[in-house]
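Reader: I've got the model open and I'd like to poke at its charged pairs and its packing. Can we go through it question by question?

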Amino acid sequence: MNSIQMLVGLANPGPEYAKTRHNAGAWFIEQIAHRYNCTLKHDPKYHGLTGKVIIQNQEFKLLIPTTFMNLSGKSVGSLANFFKIPVENILVAHDELDLDPGTAKLKKGGGHGGHNGLKDIISKMANKKDFMRLRIGIGHPGHREQVTGWVLGKAPQSEQELMDAAIDEAVRCLEILAKDGVLKAQNRLHSFKP
């Protein structure tokens with residue numbers, strides 16, 4: 001049985017960041033909202049865009065924080081606390097430097113790997129790291145010094161199409177997650193080739 005109740009997509013706010021690699025997590029939530037005809041609404045109480053969808057008779061809260069990336073925990077924490085959703089019932093979608101575009105992986109727990117959004121969520125959730133992560137591959141620029149420009153840059157069309165394909169597959173895998181649990185969803189998502 002699925003235990004995930006809340007889906008979060010990390011991003012930076014504002015139109016200038018909308019198409020940047022760092023916003024890959026938000027693209028995932030936007031795709032879910034689109035697929036299930038949900039309109040995301042800005043909710044100042046939760047510092048983010050929120051909505052809810054029903055998949056396989058289960059309700060999922062959707063959240064895209066509208067704080068800056070390094071303050072994502074403020075948004076995630078306020079929604080989770082209000083609805084009393086435990087950390088392990090949250091799935092956070094984020095961009096992942098260590099995976100190539102066209103790849104997305106589900107994993108439970110772990111560190112933040114230098115990702116400022118994950119870092120802040122962990123610190124605001126009393127250092128609990130047991131939330132699920134959907135890691136959306138954006139590739140790596142090759143040098144550590146280039147990472148900031150890379151994540152805040154727009155991907156070329158060919159890479160964007162690969163990322164979109166992986167996100168589309170991840171959205172489809174939500175049905176499997178809701179119906180058959182994480183393991184089956186992982187098996188399908190991890191074997192995806194765009």
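**Helix H5 and its surroundings**

Reader: Okay, what's the N to O distance where the side chains of aspartate 168 and arginine 172 meet?
Author: The side chains of aspartate 168 and arginine 172 form a salt bridge, meaning that a side-chain nitrogen of Lys or Arg lies within 4 Å of a carboxyl oxygen of Asp or Glu. As a rule, side chains of opposite charge can pair when their charged atoms come close. For aspartate 168 and arginine 172, the N to O distance is 2.9 Å.

Reader: Before I trust that, which pLDDT do side-chain atom pairs need?
Author: Residues are numbered from 1 along each chain as its sequence is written, and side-chain values use heavy atoms, with hydrogens and water left out. This is a predicted model, where totals for chains, interfaces and linings use all residues, local features need pLDDT of at least 70, and side-chain atom pairs count only at pLDDT 80 or more.

Reader: Which helix holds both aspartate 168 and arginine 172?
Author: Helices here are DSSP runs (H or I, at least four residues), as are strands (E, at least two), numbered from the N terminus. Aspartate 168 and arginine 172 sit 4 residues apart, about one turn of the helix, and both belong to H5.

Reader: Is aspartate 168 buried or exposed, or in between?
Author: The cut-offs are under 20% relative accessible area for buried and over 50% for exposed, with partly exposed in between (1.4 Å probe, protein chains only). Its partner arginine 172 has 34%, so that residue is partly exposed. Aspartate 168, at 30%, also falls in the middle class: partly exposed.

Reader: What span does H5 reach from its first C-alpha to its last?
Author: H5 runs over residues 157–180, which makes 24 residues. The expected span is 1.5 Å times one less than the number of residues, which is given as 34 Å for H5. The model comes close to that, with a span of 34 Å.

Reader: And which residue follows H5?
Author: At the end of H5, lysine 179 and aspartate 180 share a salt bridge at 3.9 Å, N to O. Lysine 179 is exposed at 54%, while aspartate 180 is partly exposed at 36%. Next comes a residue with a positive phi, near 95°: glycine 181.

Reader: Which residue forms a salt bridge with glutamate 159?
Author: The structure holds 7 salt bridges, and the one at glutamate 159 comes in at 3.3 Å, N to O. It links distant parts of the chain, 138 residues apart: glutamate 159 is in H5, and its partner is in the loop between strand E1 (6–9) and helix H1 (24–35). That partner counts as buried because its relative accessibility is 4%, and it is arginine 21.

Reader: Which residues does glutamate 169 contact, leaving aside neighbours within four places in sequence?
Author: Glutamate 169 is in H5, and it's buried at 9% relative accessibility. Contact means heavy atoms within 4.5 Å. On that basis, glutamate 169 touches Arg188, Leu189 and Phe192.

Reader: How about leucine 162: which residues does it contact beyond four places in sequence?
Author: Leucine 162 is another H5 residue, partly exposed at 31%. Its C-alpha is separated by 9.0 Å from that of aspartate 100, 62 residues away along the chain. Setting aside neighbours within four places in sequence, leucine 162 is in contact with Pro101, Gly102 and Pro194.

Reader: Which element gives the largest share of the largest nonpolar core?
Author: A nonpolar core is a set of buried Ala, Val, Leu, Ile, Met, Phe, Trp, Tyr and Cys residues joined through side-chain atoms within 4.5 Å. The largest has 41 residues, with Leu7, Phe28, Ile32 and Leu134 making the most contacts inside it. The largest share, 10 residues, comes from H5.

Reader: Last one: what's the radius of gyration of the protein chain?
Author: The chain has 6 helices and 7 strands. The radius is taken over C-alpha atoms, and the globule rule is 2.2 Å times the number of residues to the power 0.38. For 194 residues that rule gives 16 Å, and the chain is close to it, so it's as compact as a globular protein of that length, with a radius of gyration of 15 Å.
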